Amino acid sequence: MKLDVNVLRYLSKDDFRVLTAVEMGMRNHEIVPAELIDRIASLRHGGTYKVLRNLLKHKLLHHDGSKYDGFRLTYLGYDFLAIKTMVNRGVFSSVGRQIGVGKESDIFEVANEDGTIMAMKLHRLGRTSFRAVKSKRDYLRHRSSFSWLYLSRLAALKEFAFMKALQEHGFPVPNAVDCNRHCVIMSLVQGYPFVQVKQLQNPETVFEKIIGIVVRLAEHGLIHCDFNEFNIMIDDDENITIIDFPQMVSVSHRNAEMYFDRDVECIIKFFSKRFNLSFDANGDDSDSDAESDTVKPRFSSIKKAFGFLDKELSASGFSRKEQDDIEKFTEKIHGSDDDDEEEEEEIKDGEEHDSSKINESDIQNFDSLCSLTKDADNDDVQPEASGNSVAVEEDEQNSERKHEDANNAVEDDESSEEEDDNPELEERLARQRKRAIQAARAGRKTNTSRNSYKDKGGKSAQNSKIQKKQMCSW
Ligand code: ADP
Ligand code: MG
């Protein structure tokens, strides 16, 4: 998937309104029927259907007719919602190159008005395991909103909360700047992923630093659970920064010891292979001389602070319940997500880039989103209010103005590409739009949905005010 942020500039306020309506609908629907989107967005004169075509064209929405006819957000659509919110908040104003691509995330450089470059991590939890998630119906049955949207949002929230708490306790982690939906903004680590490093001046010292972090984490009640050369950054002075926290667990987790040992083993293995460091083979056996304890710490001999960071974590909005949800997902899905059949086409093979090579000139390659913020004050590309609140509250007049030509535009043909892609869908959207316009002309509310679609979401679909409230918690 290519994140072409330029598209952002061409998206109107109504586009975002409809995109947000789909997001809201997805709280209760895997696929959101067009009529429901129309009701939530409540654009005049069938505007929703025209906008849907545009969003499909830009691949911000995906049309699905398998179970019943409807739409869902694509990763790209969700990305744009998060990016727009961040831009509106003034967190950053331009997006640069991709600096990392993980199994379940994409990392980009972003820059704020001052030219400070930061890292934006877009979580893609469920990207490689979406099918697996779908197949876990037993687990999902009681959670209609349990979807990749929810999972990615949880992963981002967890990462943000942990990064913040760890930073406050003096751990070498990136500075957690902000978080919205599945997107985390953090400081850019000036260093290399440890996996790229072939030589060290002081391998023993670096090893001790790294193992020291594993131990100190456990003393603070935490285990990283993915502590390896891919999630450790190192700079020219051999300073260490730890990244990637969505899978961390508490030392009270039933598999805590196994996770702890696995983290330690990973580091030992890497150091012995890459830097020829030798370790006491009996380090984890019964000999408890001080030296082998330093080399290979034992979980049982660490004085742990259970639940120590709980308060800090919930202060960032990451509660125990959310922790449980994401842990359940991680345990159920990971390890069985070996299928490469992607739900969507967005998976992109790519090399991780060397983030240490950033210099001033790079900023020139950033796609500036400033115009978006500037337009915000006076144009119809007006973004929603900052924070998690959404565009539904915005003035109706604006969208009316935009769509006063709707009556004559029923037959307009601006997205011929779309028609090539799916003429049937095009026709249907045009028909729905025509009906909505006719209903508007007749001075009555469109109620096609009552006839053609039985809303499963219950109260969700009835009242956009309720939707607004729900949305705030997303
Ligand atoms: P994943 O969860 O997909 O493994 P990571 O958080 O480990 O994602 O990030 C993937 C890669 O992106 C890292 O190996 C690193 O190269 C780069 N990266 C991530 N965060 C930062 C950061 N704050 N600064 C610089 N590079 C980063
Ligand atoms: Mg990683």
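A polar contact is a pair of N or O atoms within 3.5 Å, where one atom must be able to donate a hydrogen and the other to accept it when both belong to the protein. A good place to see this idea at work is D64, in a structure that is a predicted model. The side chain of D64 reaches the side chain of S66 at 2.5 Å, which makes the two a polar contact because the distance falls within 3.5 Å. D64 itself sits in strand β1, spanning residues 61-64. Although D64 is buried, no salt bridge is found for this residue. The nearest side chain of opposite charge belongs to R72, at a distance of 4.6 Å; a salt bridge requires the nitrogen and the carboxyl oxygen to be within 4 Å, so this pair does not count as one. Leaving aside residues up to four places away in sequence, D64 touches I31, D69 and G70.

Stepping back to the whole chain helps to place such details. The secondary structure comprises 20 helices and 13 strands. The chain has 474 residues, and 55% of them count as buried. Among contacts with a separation of 6 or more, 73% involve residues 24 or more positions apart.

The magnesium ion, ligand 2, offers a clear example of residues from separate loops meeting at one point. Its protein donors are N231, through OD1, and D244, through OD, lying 2.1 Å from the ion. The two donors are 13 residues apart: N231 belongs to the loop between β9 (222-223) and β10 (232-234), while D244 belongs to the loop between β11 (240-242) and β12 (249-250). N231 is buried, with a relative accessible area of 7%. D244 is buried too, at 17%.

These metal donors also appear in the surroundings of ligand 1. In total, 22 residues surround ligand 1, and the closest are S105, K121, V189, N231 and D244. Several polar approaches can be picked out here. A polar side-chain atom of K121 lies 2.7 Å from an oxygen atom of the ligand. The backbone takes part as well: a polar backbone atom of V189 is 2.8 Å from a nitrogen atom of ligand 1, and a backbone N or O atom of S187 lies 3.0 Å from a nitrogen atom of ligand 1.

K121 has a further partner within the protein. The side chains of K121 and E159 meet in a salt bridge, with 3.0 Å from N to O. E159 lies in helix α8 (residues 148-168) and K121 in strand β5 (residues 117-123), so the bridge ties together parts of the chain 38 residues apart in sequence. Both E159 and K121 are buried.

This pair belongs to a wider set, as a search of the whole structure finds 12 salt bridges. Another is formed by E426 and R53, whose closest N and O atoms are 3.5 Å apart. Because E426 lies in helix α17 (residues 423-441) and R53 in helix α4, this bridge ties together parts that are 373 residues apart in sequence. E426 is buried, with a relative accessible area of 4%, and R53 is likewise buried, with a value of 4%. D178 and R89 also meet through their side chains in a salt bridge, at 2.9 Å from N to O. Here the link runs between strand β6 (residues 176-180), which holds D178, and helix α5 (residues 75-89), which holds R89, with 89 residues separating the two. D178 counts as buried at 16% relative accessibility, whereas R89 counts as partly exposed at 27%. Elsewhere, D79, D106 and R124 are linked in a network of salt bridges.

Finally, the backbone holds two residues that deserve a look. Most residues other than glycine have a negative phi. H45, however, has a positive phi, near 55 degrees. This residue lies in the loop between α3 (34-41) and α4 (47-57), and H45 counts as partly exposed at 23% relative accessibility. K59 provides the second case, with a positive phi near 65 degrees. K59 is found in the loop between α4 and β1, and its relative accessible area of 47% makes K59 partly exposed.

How values were computed: Residues are numbered from 1 along each chain as its sequence is written. Chains are lettered from A and ligands numbered from 1 in the order in which they are written. This is a predicted model: local features need pLDDT of at least 70, side-chain atom pairs count only at pLDDT 80 or more; totals for chains, interfaces and linings use all residues. Side-chain values use heavy atoms; hydrogens and water are left out. Donors are N, O and S atoms within 2.8 Å of the metal (3.2 Å for Na, K and Ca); water is not among the atoms, so sites may look incomplete. Helices (H or I, at least four residues) and strands (E, at least two) are DSSP runs, numbered from the N terminus. Buried means under 20% relative accessible area, exposed over 50%, partly exposed in between (1.4 Å probe, protein chains only). Lys and Arg count as positive and Asp and Glu as negative; His and the chain ends are not counted. Contact means heavy atoms within 4.5 Å. A residue is near a molecule or strand if one of its heavy atoms lies within 4 Å of it.
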